[in-house]
Amino acid sequence: MYFLQGLLAFCLIGAILLRSNLWATGFLVVAVVNLLIYLHTKCKYEGNLFMVSSLKELFDFCNWIVKKLEPDRPEILHALEKTQKLSHRMLRWQTRKYQSISGDVTGILWDYIAGITLHDVVAFYRIQKTLRACKKETMQLYTFAGEIDMEIAIASFRKSLPQWCCPSLQSDGAISVEEISHPLMADAIPNDFVLKKGVVLTGANASGKSTFMKAVAINVILAQTINTCVAKNMKMPAIQVMTSMALRDDVLQGESYYMREIKYLKRMLDELETGEPMLFVIDEILKGTNTRERLAASNAILSYMVQKQGFLLIATHDLELVYALKNRYDTYYFDSQVHEKDIVFPYKIRRGIVGKTNAIDLMELLDFPEEITDQARREVGKR
């Protein structure tokens, strides 16, 4: 590149001083070669060329943050000192690139001159060389800016919540929460809950079981990632989360609902064998198969899992399964209340097993024919 730059200047001086067509032709040939090299380099490294401007903004941001808000960060100040030369070179590059994309005649003319003289290509390779020399410090600044960005996001998330807390992480013990709620629910009803080992959750349709289970799983994850829980208080050990919820058939893979569900459960069983502390959340276990085998298999799986290390939060409508497991699992439920032609959901969790169901009540609420609802009630009465 330096040779071509020197040759271009040499041919230009020769053409001017000697007034020779030969030197002028040489100048034009070198200029065309340089322009082709510039266009090829620009096309090949265009993403990197524009990245330089973003990198300069990163340096400026880190410099502003450290001077204004984080003065007690000597390692970042050192990184900024080490990248000072790189920052200056990027500033000249950034100014040049803004001129070329401004669209005015001067900027366009300068872009051609930069191509013919290989100014941008040489400047880019100089920046590359300088960047390699301070790669460690540059990555340090990226990490620092990422931490600031993360902290802003967490602070913004916390500010959007009506209530939040920092969790108390323990080496062992139960998952204990006070006034927990789902972070995406507006005007959510908070609940208190203790998960010592295993819990079977029952309740009427649309009473809040699945939302509550998601709230617990999400808050366990948030507690260990951004140190934030949507609750008044939360105590828990460090655990991972695995769920089997809202499954669907996979037409593309040719898998039925049941096949997908047992694969999810098999992954959970495999994870149990590792001995790692886990929270398993299962909504409507094995509902993709017939009642007889569902009850037998569900009882066998859940009885096996509760003997291993970890926590289990299970939701089911099968009261036979609940009574079969009540000596091994704690029981909680969500209720519903029928008032005239309306069904009210308190969304409050309670200890025990649900006393009534509301499937037929919901059918009546949606104006199903009386012949259907009456027959359904008679069939339930027979059982």
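**Exercise 1. Find what share of the contacts in the protein chain with a separation of 6 or more joins residues 24 or more positions apart.**

Solution. Begin with the term itself: contact means heavy atoms within 4.5 Å. Among the contacts of the protein chain with a separation of 6 or more, 66% are made by residues 24 or more positions apart. The model in view is predicted, with local features needing pLDDT of at least 70 and side-chain atom pairs counting only at pLDDT 80 or more, while totals for chains, interfaces and linings use all residues. Residues are numbered from 1 along each chain as its sequence is written, and side-chain values use heavy atoms, with hydrogens and water left out.

**Exercise 2. Set the radius of gyration of the protein chain beside that of a compact globule of 383 residues.**

Solution. The radius of gyration is taken over C-alpha atoms, and the globule rule is 2.2 Å times the number of residues to the power 0.38. For 383 residues a compact globule would come near 21 Å, but the protein chain has 34 Å. As a next step, look at the principal axes, along which the C-alpha trace spans about 115 × 50 × 45 Å.

**Exercise 3. Describe the largest nonpolar core and name the element that gives the most to it.**

Solution. A nonpolar core is a set of buried Ala, Val, Leu, Ile, Met, Phe, Trp, Tyr and Cys residues joined through side-chain atoms within 4.5 Å, where buried means under 20% relative accessible area, exposed over 50% and partly exposed in between, with a 1.4 Å probe and protein chains only. The largest core has 28 residues, and those with the most contacts inside it include Ile 175, Phe 193 and Leu 201. Helices (H or I, at least four residues) and strands (E, at least two) are DSSP runs, numbered from the N terminus; among the elements that each supply at least two residues of this core are strand E2 (175–180) and helix H9 (209–225). H9 gives the most, with 6 residues. A second, separate core of 20 residues includes Phe 280 and Leu 312.

**Exercise 4. Decide whether Phe 59 is buried or exposed, and list its contacts.**

Solution. Phe 59 has its place in helix H3 (residues 46–68). Phe 59 counts as buried because its relative accessibility is 3%. Leaving aside neighbours within four places in sequence, Phe 59 is in contact with Leu 80, Thr 83, Leu 86, Ser 87, Met 90, Thr 138 and Leu 141. Of these partners, Leu 141 is 82 residues from Phe 59 in sequence and 7.4 Å from Phe 59 in space, C-alpha to C-alpha.
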